[in-house]
Amino acid sequence: MKRMKSVLCILLAAALLLLGGCAAQTPLIADTAKPPVTPTKAASVAEAEVGQVVELGHYEQDNNIQNDEEPILWLIIHKEENRALAVSLYGLDNRPYHDKNVQSVTWGDCSLRTWLNDTFYNTVFGDAEKALILETELENPANTVTDIAGGEKTTDRLFVLSIGEVNQHLPNTHDTATSAYRAVWPTDYAVAQGAFQNYDTGNSYGWLRAPGRTASMVARMSVDGEIDFGGSSAYYDACAVRPAMWLTLS
């Protein structure tokens, strides 16, 4: 009887080890939910080179409200004269492009633009950081595939990238300082807020500043890092927000 119990204990222990090993091989969230290349951090905006990150502002990212909000990493994707274009390294939140289901919407009248330039801007940045963020006149071009108009020019501090800005500054060529950062990696907080996360890659969708297949749809980055020109409804609420801004270098 004792021998039988010993054998049963050994078999049970082996089964538990086997199950534990199988569970370890199938994580809920992919380990690849981060850039394939870790960018270096610059000491300041003025010293940052294209492909480096700078810290500006704080926002909840690890979804642990018991600790402080984490510093936001901004990837420098272009520099010209006395200014630099930066985009958040991660998708920071989940929000619809527009909070109403309408027949037509452009960047100029969407609720995401209002949220970024009011709530986000005023809660994320301190006065010294706000002084670095330029108010910039933006072109809002038509979708280059569907030819749906993008609306009038706007003047913004915070925005999401256009199709042209992605293709120019985050090219899918794998041979520039920024091409490794084309996909949208959502933070734990963004996922908790409802941002879709691909099980295999860990990537999310990300809004672009352009209409989609129709005037009620919006182009977006797909989970494989390509531009989805047809996009989704502006009212879709599982798309990560990856803000962008122009920073002064003077």
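This briefing covers a sheet, a nonpolar core, one tyrosine and the salt bridges of this structure. The model is predicted. Four strands form an open sheet, and their pairing is antiparallel. The largest nonpolar core holds 63 residues. The whole structure has 10 salt bridges and zero disulfides.

**The sheet**

- Strands of a sheet pair through backbone hydrogen bonds, either parallel or antiparallel.
- Here the strand order is β1-β2-β3-β11, with antiparallel pairing.
- β1 (53–59) and β11 (244–248) are the edge strands. Each has a single partner strand, so one side of each has no neighbour in the sheet.
- From one strand to the next, the twist averages 40°.
- Helix α2 (residues 111–124) packs on the sheet and touches β1 and β2 (70–80). The direction of α2 makes about 90° with that of β1.

**How the strands pair**

- β1 and β2 are antiparallel and share five bridges. One pairing sets valine 53 against its bridge partner in β2, leucine 75.
- β2 and β3 are also antiparallel, with six bridges between them. Across this pair, isoleucine 76 stands opposite alanine 86 in β3.
- β2 and β3 form a hairpin with two residues between the strands. In that hairpin, glutamate 81 takes a positive phi near 45°.
- β3 (residues 83–88) and β11 run antiparallel and are joined by five bridges.
- Valine 87 has alanine 244 as its bridge partner in β11. Alanine 86 has methionine 245 as its bridge partner in β11.
- Alanine 86 therefore links to both sides: isoleucine 76 stands opposite it, and its bridge partner in β11 is methionine 245, while strands that pair do so by backbone bonds.- β3 is mostly covered, as five of its six residues are buried.

**The nonpolar core**

- In soluble globular proteins, nonpolar side chains tend to be buried together.
- Which residues of the largest nonpolar core touch the most other members? They are Trp74, Leu112, Phe120 and Phe125.
- Helix α2 gives the most to this core, with six residues.

**Tyrosine 59**

- Tyrosine 59 is found in strand β1.
- Is tyrosine 59 buried or exposed? Tyrosine 59 is buried, because its relative accessible area is 11% and the cut-off for buried is under 20%.
- Tyrosine 59 and proline 71 are 12 residues apart in sequence. Their C-alpha atoms are 6.5 Å apart in space.
- Beyond its neighbours within four places in sequence, tyrosine 59 is in contact with several residues, including Glu69, Ile72, Leu92, Trp115, Phe120 and Tyr189.
- Phe120 also appears among the core residues that touch the most other members.

**Cysteines**

- A disulfide is a covalent bond between the sulfur atoms of two cysteines.
- The count of disulfides in this model is zero.
- Cysteine 110 is buried, with a relative accessible area of 1%.
- Cysteine 239 is buried too, at 0%.

**Salt bridges**

- Side chains of opposite charge can pair when their charged atoms come close.
- A search of the whole structure gives 10 salt bridges.
- Aspartate 156 pairs with arginine 113, and their closest N and O atoms are 2.6 Å apart. This pair links distant parts of the chain, 43 residues apart. Aspartate 156 lies in strand β6 (residues 154–156), and arginine 113 lies in helix α2. Both aspartate 156 and arginine 113 are buried.
- Glutamate 135 and arginine 157 form a salt bridge at 3.8 Å, N to O. Their positions are 22 residues apart. Glutamate 135 sits in the loop between α3 (127–130) and β5 (136–138). Arginine 157 sits in the loop between β6 and α4 (163–169).
- Glutamate 135 counts as exposed, because its relative accessibility is 51% and the cut-off for exposed is over 50%. Arginine 157 counts as partly exposed, at 28%.
- Aspartate 228 and arginine 220 meet in a salt bridge at 3.0 Å, N to O. Aspartate 228 is partly exposed, with a relative accessible area of 21%. Arginine 220 is buried, at 10% relative accessibility.
- Salt bridges also link Glu137, Glu139 and Lys153 in a network.

Definitions and conventions: Residues are numbered from 1 along each chain as its sequence is written. This is a predicted model: local features need pLDDT of at least 70, side-chain atom pairs count only at pLDDT 80 or more; totals for chains, interfaces and linings use all residues. Side-chain values use heavy atoms; hydrogens and water are left out. Two strands pair if DSSP finds at least two bridges between them. Axes are lines fitted to C-alpha atoms, for helices over the stretch in contact, and angles run from 0 to 180 degrees between N-to-C directions. Contact means heavy atoms within 4.5 Å. Buried means under 20% relative accessible area, exposed over 50%, partly exposed in between (1.4 Å probe, protein chains only). A disulfide is a pair of cysteine sulfur atoms within 2.5 Å. A nonpolar core is a set of buried Ala, Val, Leu, Ile, Met, Phe, Trp, Tyr and Cys residues joined through side-chain atoms within 4.5 Å. A salt bridge is a side-chain nitrogen of Lys or Arg within 4 Å of a carboxyl oxygen of Asp or Glu.
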